[in-house]
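Biologist: I want the reasoning behind each label. Take me through the ligand site.

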Amino acid sequence: MNRSFNKANGMIEEDPDNRKRIFLVLIAASIILISYLHYSTNPGIRDLHNVFAELYYIPLLMSAFTFGLRGAVIVYISISLIYFPHVIMNWTNATPFVANQLLHGLFSGTFAFLAGYLVDREKRNREQAEKDRYLAGLGQASAAIVHDLKNPLISISGFARRLNQGKGDVDTASEAIIKSAEDMEKIVHDVLDFSKPHNMDFRETGITDVINEVLEYCKMKADEKEVVLSVYLPDEISTISIDRSHLLRALINLVNNAIEASDKTGVVDVMAEFEKDSLVIRIKDHGAGMDKETLENIFIPFYTKKSSGTGLGMAIAKKIIEGHKGKIIINSKQGSGTEVIINMPRDEREIQINMRRNRDTV
Ligand code: ADP
Ligand code: MG
């Protein structure tokens, strides 16, 4: 069974200020409504007034949840000030009345205080946990980078020392030094690529050119492993508004992963086609596939199963594709291979230009 995993689904996030504004209006409206019911209802109908008094818990609860302790206390004082004249106007010295008013005031005050305090404590705990998680992530990321840089660095210093002592073969040593320096360069590039904000420069670009350039970049790695890159591309005229260098980077990462996962003499298919109003790129290998754990962690920065991997390729690719308002979907089956599907919306305006161009050339 093919496992389909999509971590790139967009989520609509609520604006917290907007939510607070809505709750503020609801709190004010409910206080006004409940107070109106108190003042407009015959004071003799005690049971009804008791019910109305209980209704004040609704704005109290809303204020505690939305604004914490401070909000709950302010709302409690406001309700007390509005409700107080009604109590005075209908004051009787009967013990149940006095006890009822006092108890109600005391309970609702304690309730507001407690609810607000608990909400504030929960918020503080959540913020602390977030800070801890961030610091732990930062620590892990730094450890991963240092770990990745350590091996090539040891190799460079080892070979350089041997050269300095006149030991070993110069060609072998210089080749090893160059290879290690290239590994370090790749790690540094990946980390920079991942950490710096991506300022996208969108330009109308022929997709055939981009894919061909990706294949040029990946050819050496494929040849080394005798992997065949099989390509299916749309007509020359197909263009899309993209940031060329960033999309190149994302696609190179994905094709390199496919080559690395392939067996010797395997085939990697790279396909691009326009479907309705989007560009779909598929990179399919017939290699090892992924287990559940890899599928679940694949977009997490620094997650790698390779001894010489940085674990940043997929995270960078996802960030870049999302920068194009696109989605990245992985279909993978252990032992059969992996298909990475990229779906990027095409600029509405550009589709029309292209359709016109196509019409003109027919
Ligand atoms: P890296 O390639 O440096 O390990 P990536 O972020 O590119 O980092 O990939 C993370 C992990 O996802 C890889 O280590 C590998 O286990 C898995 N992976 C990525 N692409 C494929 C693929 N096409 N087939 C199988 N596994 C893959
Ligand atoms: Mg990779």
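Modeller: What follows sets computed values against their definitions. This is a predicted model, where local features need pLDDT of at least 70, side-chain atom pairs count only at pLDDT 80 or more, and totals for chains, interfaces and linings use all residues. Residues are numbered from 1 along each chain as its sequence is written, and side-chain values use heavy atoms, with hydrogens and water left out.

Biologist: What makes a residue part of the surroundings of ligand 1?

Modeller: One of its heavy atoms must lie within 4 Å of the ligand. By that rule 19 residues surround ligand 1. Among the closest are Asn257, Lys305 and Met314.

Biologist: Why is the pair between Lys305 and ligand 1 called a polar contact?

Modeller: A polar contact is a pair of N or O atoms within 3.5 Å. A ligand oxygen lies 2.8 Å from a polar backbone atom of Lys305, so the pair qualifies. Another ligand oxygen contact, to a polar backbone atom of Gly311, is 2.9 Å. Thr338 offers a polar side-chain atom, 3.4 Å from a ligand nitrogen.

Biologist: Which elements give two or more residues to the shell?

Modeller: They are α7 (244-261) and α9 (313-323). Helices are DSSP runs (H or I, at least four residues), numbered from the N terminus. α7 gives the most, with three residues.

Biologist: How do the domains divide the chain?

Modeller: Domain 1 is 1-197 and domain 2 is 203-361. These bounds come from an automatic or database domain assignment. Their centres, taken over C-alpha atoms, are 37 Å apart.

Notes: Chains lettered and ligands numbered in written order. Polar contact = N/O pair within 3.5 Å; in protein donor to acceptor, adjacent residues only side chain to side chain.
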